[in-house]
Amino acid sequence: MKISERVVLKFPKELVDKPTISTLVRKYDIEFNILQAQVLPQKEGVMVVIFTGEEDIVKQALKDLKNQNVVLQRLKQDITKDEKICTHCGVCIGLCPTNAFYYDKETKKVAFDYEKCITCMLCVKGCMVRAIKIKF
Ligand code: SF4
Ligand code: SF4
């Protein structure tokens, strides 16, 4: 069965400038989509990645990363925006570190890009009308 797994990866200093992900996807024949990547002041790297492929292969690839001392956290929760409740006030845009919430010039409304969300939860409490929900 094909799955998509969203994970936060924390790379130790010695792996930051290595092509760890491209080597991994070649080795296991899986697809990846990097949603976020940044190097922290202490020189560790953090990435939010979606891996897609056959379930057992994706699991093997993630195990491989762990064996390389990459710290891995699966993102199991999803954020949704209830369009019936949202007033398009824009508060969530200012709170979201990844620009998952943005102002859509065409519709003139606040839109949500699920692919960019790293489930940090910063927006949830900021929405006064409770339009942002956590789906487990
Ligand atoms: S803070 Fe809530 S009501 Fe305001 S735009 Fe964001 S989701 Fe909509
Ligand atoms: S959970 Fe975090 S990343 Fe996702 S939309 Fe809210 S503030 Fe943005």
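With 10 C-beta neighbours inside 10 Å, does Asn99 count as buried or exposed, and why? Asn99 counts as exposed, because a residue with 12 or fewer such neighbours falls into that class and Asn99 has 10 of them inside 10 Å. The model in which this residue sits is a predicted one, and the points below move from the protein chain as a whole to its helix α2, its nonpolar cores, the surroundings of its two ligands and several single residues.

**The chain as a whole**

- The protein chain contains three helices and eight strands, and these elements follow one another from the N terminus in the order β-α-β-β-α-β-β-α-β-β-β.
- The C-alpha trace of the protein chain spans about 45 × 40 × 25 Å along its principal axes, and 18% of the 136 residues of the chain count as buried.
- Among the contacts in the protein chain that have a separation of 6 or more, 63% are made by residues that lie 24 or more positions apart.

**Helix α2**

- Helix α2 takes in residues 55-67, and because each of its 13 residues is reckoned at 1.5 Å it should span 18 Å, which agrees with the 19 Å that separates its end C-alpha atoms.
- The buried residues in α2 are Val58, Ala61, Leu62 and Leu65, and they are on the same side of the helix because they cover an arc of only 95° around its axis.
- In general, an α-helix has 3.6 residues a turn, so residues three or four places apart point the same way.
- The exposed residues Asp56, Lys63, Lys66 and Asn67 are carried on the face of α2 that is turned away from its buried side.
- The cover over the buried residues of α2 includes the strands β1 (2-11), β3 (45-54) and β4 (71-74), together with the helix α1 (20-28).
- After α2 comes Asn69, a residue whose phi is positive and near 70°.

**Nonpolar cores**

- The largest nonpolar core is made up of 12 residues, among them Ile79, Phe101, Phe112, Ala131 and Ile132, and the cysteines Cys92, Cys96, Cys117, Cys123 and Cys127 also belong to it.
- A second core, separate from that one, has 11 residues and includes Leu9, Ile30, Val49 and Val70.
- Cys96, a member of the largest core, is in contact with Phe101, Leu122 and Cys123 once its neighbours within four places in sequence are left aside.

**Surroundings of the two ligands**

- Ligand 1 is surrounded by 15 residues, of which Cys86, Cys89, Cys92, Val110 and Cys127 are the closest, and its shell consists of 10 nonpolar, four polar and one charged residues.
- Ligand 2 has 13 residues around it, with Cys96, Ala100, Cys117, Cys120 and Cys123 coming nearest, and its shell holds 11 nonpolar and two polar residues but no charged ones.
- Cys92 and Cys127 are among the closest residues to ligand 1 and also belong to the largest nonpolar core, while Cys96, Ala100, Cys117 and Cys123, which are among the nearest to ligand 2, are members of that core as well.

**Residues in the loops on either side of α3**

- As a general rule, most residues other than glycine have a negative phi.
- His88, which is not a glycine, has a positive phi of about 60°, and it lies in the loop between β5 (78-81) and α3 (91-95).
- His88 counts as partly exposed because it has 16 C-beta neighbours inside 10 Å.
- Gly90 is found in the loop between β5 and α3, and it counts as partly exposed because 13 C-beta neighbours lie inside 10 Å.
- Leaving aside neighbours within four places in sequence, Gly90 is in contact with Tyr103 and Val110, and its C-alpha atom is 9.5 Å from that of Ala111, a residue 21 places away in sequence.
- Asn99 is placed in the loop between α3 and β6 (101-104), and its phi is positive, near 65°.

**Asn33 in strand β2**

- Asn33 belongs to strand β2, which runs over residues 31-39, and it is exposed because 12 other C-beta atoms lie within 10 Å.
- When residues up to four places away in sequence are not counted, Asn33 touches Val49 and Ile50, and Val49 is one of the residues in the second core.
- Asn33 and Ala111 are 78 residues apart in sequence, and their C-alpha atoms are 21 Å apart in space.

Notes:
Residues numbered from 1 in each chain as written. Chains lettered and ligands numbered in written order. Predicted model: local features only at pLDDT ≥ 70, side-chain atom pairs only at ≥ 80, totals over all residues. Near = placed C-beta within 6 Å. Nonpolar A, V, L, I, M, F, W, Y, C, P; charged D, E, K, R; others polar. Core = buried A, V, L, I, M, F, W, Y, C linked by C-beta atoms within 7 Å. Buried ≥ 20, exposed ≤ 12 C-beta atoms within 10 Å, placed from the backbone. Contact = placed C-beta atoms within 7 Å. Helix = DSSP H or I, 4+ residues; strand = E, 2+ residues; numbered from the N terminus. Expected span 1.5 Å × (residues − 1). Arc of directions from axis to C-beta.
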